Amino acid sequence: MAFNPPKKTARLAVEHGAKKANLPILTQSILGFLAGAFVAFGFLLDIRVTGNLPVEIWGSLGSFIGASVFPVGLIFVLLAGGELLTGNMMAVTTARFAGKIKTTYLIKNWTIVAITNFIGSIFVAYFFGHLLGLTETGPYLEATVAIAEAKIADPFMLAFLSGIGANWLVCLAVWLCYAADDVTGKILGIWFPIMAFVAIGFQHVVANMFVIPAAIFAGYFTWGEYLINFVAVFLGNAVGGAFFVGGLYYLAYIREKV
């Protein structure tokens with residue numbers, strides 16, 4: 001499996017980020033909707049696979065199984081095509097650090113992709129989770145509500161810190177995908193970091209766009225409670241992706257030494 005060394009991967013991240021920021025608005029919107037839906041599908045698969053696994057029998061192994069299937073969402077995004085807010089927090093920011101785009105392009109990209117990721121996520125939550133009942137029957141409802149409750153219950157600062165950890169790992173998955181030259185390498189590069197962030201229990205703003213609204217559609221929690229979580233996790237994800245991956249690798253591999 002061929003791969004690119006870190007310095008070349010950093011240059012590829014800059015190129016990808018610049019291309020993302022310069023996509024037409026309609027293209028960004030379509031790909032943003034798809035990415036939100038793809039991540040939601042990954043979370044829905046997690047719930048459907050693990051929802052009826054008794055904790056007293058499976059223990060933490062059940063969480064590992066769920067974390068092992070969740071990465072299909074990001075695999076779809078990166079291989080089939082999609083614009084994911086959390087990945088763009090790294091790639092587009094790296095392009096900005098390198099001077100390839102203006103700050104206005106970064107803000108526009110983050111805004112469009114955030115909105116359309118949300119639309120894609122709640123589409124899956126409402127039509128497949130709520131109307132089809134995939135998150136509202138038996139143990140699957142219990143799992144959905146328990147996951148959403150745990151996320152909302154985190155105080156602002158803890159949700160913020162959890163968001164940093166989540167997108168540090170998610171953006172490493174994107175980074176390793178850029179590093180690989182073949183499909184198998186890209187899938188493996190995506191799988192391990194995403195499995196890790198889900199198994200650890202970190203908070204991801206786009207994943208939360210699915211599971212918390214799914215619980216709200218089922219009659220639990222409020223949009224106001226979700227908004228507080230959204231802001232905290234969004235900010236944490238931004239720091240995790242833009243600084244801990246994009247920023248530090250920019251300083252290590254791209255910035256000209258003085």
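Student: Why is Cys-177 called buried?

Tutor: Its relative accessibility is 3%, and buried means under 20%, so Cys-177 qualifies. Keep in mind that we're looking at a predicted model.

Student: How many disulfides does a search of the whole structure find?

Tutor: The search turns up 0 disulfides. Take Cys-171: it is in no disulfide, and the nearest cysteine sulfur, belonging to Cys-177, is 12 Å away.

Student: And from the side of Cys-177, what makes a bond impossible to assign?

Tutor: The closest cysteine sulfur to that of Cys-177 is in Cys-171, at 12 Å. A disulfide needs the two sulfur atoms within 2.5 Å, so this pair is too far for a bond.

Student: Is Cys-171 buried or exposed?

Tutor: Buried: its relative accessibility is 0%, against a cut-off of under 20%.

Student: Let's move to His-204. Where is it, and what makes it count as buried?

Tutor: His-204 is in the loop between α10 (183-200) and α11 (205-217). Its relative accessibility is 3%, and the limit for buried is under 20%, so the label holds for this loop residue.

Student: How do you know that the side chain of His-204 makes a polar contact with the side chain of Thr-86?

Tutor: The distance is 2.8 Å. The cut-off is N or O atoms within 3.5 Å, with one able to donate a hydrogen and the other to accept it, so the pair counts.

Student: Which other residues is His-204 in contact with, leaving aside neighbours within four places in sequence?

Tutor: Besides Thr-86, there are Ala-166, Val-170, Phe-197, Val-233 and Asn-237.

Student: Asn-237 is on that list. Why is it called buried?

Tutor: Asn-237 lies in helix α12 (223-254), and its relative accessible area is 0%. Set that against under 20% and it is buried. A polar atom of the Asn-237 side chain also lies 3.3 Å from the backbone oxygen of Gln-203. Beyond residues up to four places away in sequence, Asn-237 touches Thr-86, Gln-203 and His-204, among others.

Student: What about Phe-197, the other name I picked out? Which core does it sit in?

Tutor: The largest nonpolar core, which has 65 residues. Phe-197 is among those with the most contacts inside it, together with Phe-70, Leu-74, Leu-85, Met-90, Ile-194 and Phe-210. Sequence neighbours within four places aside, the contacts of Phe-197 include Phe-70, Leu-169, Phe-202 and His-204.

Student: Why do such cores form in general?

Tutor: Nonpolar side chains tend to be buried together in soluble globular proteins.

Student: Next, helix α8 (138-153). What makes Ala-148 count as buried?

Tutor: Ala-148 is found in α8 and has a relative accessible area of 0%, which is under 20%, so buried is the right word. Among its contacts outside the four-place window are Val-211, Ala-215 and Phe-221.

Student: How far is Ala-148 from Ile-216, C-alpha to C-alpha?

Tutor: They are 9.0 Å apart in space, with their positions 68 residues apart in sequence.

Student: Phe-221 came up there. Why is it called partly exposed, and what makes its backbone worth a look?

Tutor: Its relative accessible area is 24%. Partly exposed runs from 20% to 50%, so Phe-221 falls in that range. It is placed in the loop between α11 and α12, and it has a positive phi of about 65° although it is not a glycine. Most residues other than glycine have a negative phi.

Student: Ala-218 lies in the loop between α11 and α12 too. Is it buried, exposed or partly exposed?

Tutor: Partly exposed: 25%, again between the 20% and 50% limits. Its contacts, sequence neighbours within four places aside, are Glu-136 and Leu-141.

Student: Last one, the largest pocket. What is its volume?

Tutor: About 660 Å³. It is lined by 31 residues, and those closest to its centre are Asp-46, Thr-50, Ser-63, Ile-147 and Val-198.

Student: Which helix gives the largest share of that lining?

Tutor: That is α8, with 6 residues. Helices that each supply at least two lining residues include α2 (25-50), α4 (61-69) and α10.

Note on methods. Residues are numbered from 1 along each chain as its sequence is written. This is a predicted model: local features need pLDDT of at least 70, side-chain atom pairs count only at pLDDT 80 or more; totals for chains, interfaces and linings use all residues. Side-chain values use heavy atoms; hydrogens and water are left out. Buried means under 20% relative accessible area, exposed over 50%, partly exposed in between (1.4 Å probe, protein chains only). Helices (H or I, at least four residues) and strands (E, at least two) are DSSP runs, numbered from the N terminus. Contact means heavy atoms within 4.5 Å. A nonpolar core is a set of buried Ala, Val, Leu, Ile, Met, Phe, Trp, Tyr and Cys residues joined through side-chain atoms within 4.5 Å. On a 1 Å grid over the protein atoms alone, a cavity is a set of points where a 1.4 Å probe fits but cannot get out, and a pocket is an open set with protein on both sides within 12 Å along at least five of seven lines; lining residues have an atom within 4 Å of a point. Grid points are joined across faces, edges and corners, and a volume is the space filled by probe spheres set on the points.
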